[in-house]
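Biologist: I would like a close look at one part of this model, a helix and what surrounds it. Please take it slowly and define terms as you go.

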Amino acid sequence: MIRVLFADDHEMVRIGVSAYLSAQQDIVVVAEADDGKEAIELALEHRPDIILMDLVMEHMDGIEATRRIIEKWPEAKIIIVTSFIDDEKVYPALEAGATSYMLKTSKAEEIAKAIRSTYEGQSILEPEVTGKIMTKMRRPSEHPLHEQLTTREMEILLLMTEGKTNQEISEQLFIALKTVKVHVSNILSKLEVHDRTQAVIYAFKHELV
């Protein structure tokens, strides 16, 4: 079972989404929070596999809550689920450590699919978010960090932008899973990023895709 914590200040939204998710055979909502502070407490208490995080909440917003959770628990996988698509929300949320970014206009089954994909190690970004990243983050660099990547590392980075998991990359390139993990670690180090999501953002920013 994929254990989920859902943080949202709208009770009806929590009730509806939680009911749908709990009806799935492989997902269970273990806790709900109505603000950022409670989300931090419950995340550290339950250590869920996935955290669904709203952005605009009382007492503490989702961006700050995400940042604090990642500081205390770097392995946390947080999916932003929000109505906001503006630059002031998207980039700070991803920089804070969010793994995926979904909109509340998404269907419940799409949220469930994002939970499964994020749990498996993929990063899910709404098309609108991807478009904004490509438009805003294109900045030329005299010495781009990706020039340090080997041909194999570049190949794996591009597969990461397609949402491929380490296992899928291993199977597609016919190399050991352990080898893929080493390459991914080297990619993150060379690009000076902390996780796969930031590596994908880097690839869009530098038009590698």
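Which residue follows α7, and is its phi positive or negative?

Modeller: The residue after α7 is G163, with a positive phi near 85 degrees. A helix here is a DSSP run of H or I with at least four residues, and elements are numbered from the N terminus. This is a predicted model, so local features need pLDDT of at least 70 and side-chain atom pairs count only at pLDDT 80 or more, while totals for chains, interfaces and linings use all residues. Residues are numbered from 1 along each chain as its sequence is written, and side-chain values use heavy atoms, with hydrogens and water left out.

Helix α7 covers residues 151-161, and its buried residues are E153, M154, I156, L157, L159, M160 and T161. Buried means under 20% relative accessible area; over 50% is exposed and anything in between is partly exposed, with a 1.4 Å probe and protein chains only. The buried residues of α7 pack against three helices: α8 (166-173), α9 (177-191) and α10 (196-205).

Take α8 next. Two packed helices are described by the angle between their axes and the distance between the axes. The axes of α7 and α8 come within 10 Å and cross at roughly 125 degrees, which makes α7 oblique to α8. Each axis is a line fitted to C-alpha atoms, for helices over the stretch in contact, and the angle runs from 0 to 180 degrees between N-to-C directions. Angles under 35 degrees count as roughly parallel, over 145 as roughly antiparallel, 65 to 115 as roughly perpendicular, and the rest as oblique. The α7 and α8 crossing is right-handed: the near helix is turned clockwise from the far one by less than a right angle, whereas anticlockwise would be left-handed. On the α7 side the meeting residues are R152, E155, I156, L159 and M160, and on the α8 side they are I169, Q172 and L173.

Helix α9 contributes H183. H183 counts as buried because its relative accessibility is 17%. Leaving aside neighbours within four places in sequence, H183 is in contact (heavy atoms within 4.5 Å) with R152, E153, I156 and I175. H183 and L157 are 26 residues apart in sequence, and their C-alpha atoms are 9.1 Å apart in space. I156 therefore appears in both settings: among the α7 residues that meet α8, and among the contacts of H183 by the cut-off above.

Technical notes:
Helices (H or I, at least four residues) and strands (E, at least two) are DSSP runs, numbered from the N terminus.
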